[in-house]
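Here are a few notes to read alongside the model, written as numbered points so you can follow them residue by residue. Please keep the structure open as you go.

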Amino acid sequence: MGKNNNSPELTVPYKIVTKRTDTRGGSGYTSAHTSYYVTFEVQSGERLELKLNGRNYGQLAEHDFGILPFQGTRFKAFERQKRESYDE
């Protein structure tokens with residue numbers, strides 16, 4: 001957490017490459033816990049996987065384009081942008 005606090009806050013254009021979940025527990029007397037991850041890709045091809053809460057995860061779709069504010073590995077927000085059509 002300290003590393004994120006000491007990292008600069010960046011805002012970059014990204015597209016969503018993939019989404020995944022990681023579910024653990026849920027056997028016997030333990031409850032299941034799901035973690036949500038989204039991989040963002042910048043125009044140069046660099047990729048960054050960030051952990052999100054379930055609500056933000058559910059609002060994003062693969063191949064969305066937008067502006068991504070983040071700090072270290074901490075997801076801040078995702079502002080979806082309308083993609084221009086190549087057919088027009």
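1. Let me start with how burial is graded: a residue is buried if its relative accessible area is under 20%, exposed if over 50%, and partly exposed in between, using a 1.4 Å probe and protein chains only. On that scale D22, at 21% relative accessibility, is partly exposed. Its salt-bridge partner R24 comes out at 57%, so R24 is exposed.

2. A word on what you are looking at: this is a predicted model, in which local features need pLDDT of at least 70 and side-chain atom pairs count only at pLDDT 80 or more, while totals for chains, interfaces and linings use all residues. Residues are numbered from 1 along each chain as its sequence is written, and side-chain values use heavy atoms, with hydrogens and water left out.

3. Now the core. A nonpolar core here is a set of buried Ala, Val, Leu, Ile, Met, Phe, Trp, Tyr and Cys residues joined through side-chain atoms within 4.5 Å. The largest one has 15 residues, and the members that touch the most others are Y14, F40, L50 and L68. At least two residues of this core come from each of β1 (9-25), β2 (32-42), β3 (47-52) and β4 (65-71). Strands and helices are DSSP runs numbered from the N terminus, with strands (E) of at least two residues and helices (H or I) of at least four. As general background, nonpolar side chains in soluble globular proteins tend to be buried together.

4. L68 deserves a click. With contact meaning heavy atoms within 4.5 Å, and residues up to four places away in sequence not counted, L68 touches L10, T11, V12, Y14, F40, L50, F75, A77 and F78.

5. Which aromatic rings pair up? Rings of Phe, Tyr and Trp (its six-membered ring) count as a pair if their centres lie within 6.5 Å; planes under 30 degrees apart are stacked, over 60 edge-to-face, and the rest tilted. That rule gives 2 aromatic pairs. Y14 and F40 have ring centres 6.0 Å apart and planes at 85°, so they are edge-to-face. This pair links distant parts of the chain, with Y14 in strand β1 and F40 in strand β2, 26 residues apart. Both Y14 and F40 are buried. In the pair of Y36 and Y57, the centres are 4.9 Å apart and the planes at 45°, so this pair is tilted. Here Y36 in strand β2 is linked to Y57 in helix α2, 21 residues away in the chain. Y57 is buried at 14% relative accessible area, whereas Y36 is partly exposed at 24%.

6. Two rings also carry a charge over the face, meaning NZ of Lys or CZ of Arg within 6 Å of the ring centre and within 35 degrees of the ring normal. K19 lies over Y57, 4.1 Å from the ring centre. The charged end of R20 sits over the ring of Y37, at 4.1 Å from its centre.

7. How many salt bridges are there in the whole structure? The search finds 3, taking a salt bridge as a side-chain nitrogen of Lys or Arg within 4 Å of a carboxyl oxygen of Asp or Glu. R20 meets E49 at 2.8 Å, N to O. R20 is in strand β1 and E49 in strand β3, so the pair ties together parts 29 residues apart in sequence. R24 and D22 meet at 2.9 Å, N to O. In the bridge between R47 and E41, the closest N and O atoms are 2.7 Å apart. R47 is exposed at 52%, while E41 is buried at 16%.

8. Last, look at the loop between α2 (54-59) and β4, where D64 lies. D64 is buried, with a relative accessible area of 14%. Its side chain reaches the backbone nitrogen of A61 at 3.0 Å, a polar contact (a pair of N or O atoms within 3.5 Å; within protein, one must be able to donate a hydrogen and the other to accept it, and residues adjacent in sequence count only if both atoms are side-chain atoms). The C-alpha atoms of D64 and R80 are separated by 6.8 Å, with their positions 16 residues apart along the chain. H63, in the same loop between α2 and β4, is exposed at 55%. Its phi is near 80°, a positive value in a residue other than glycine.
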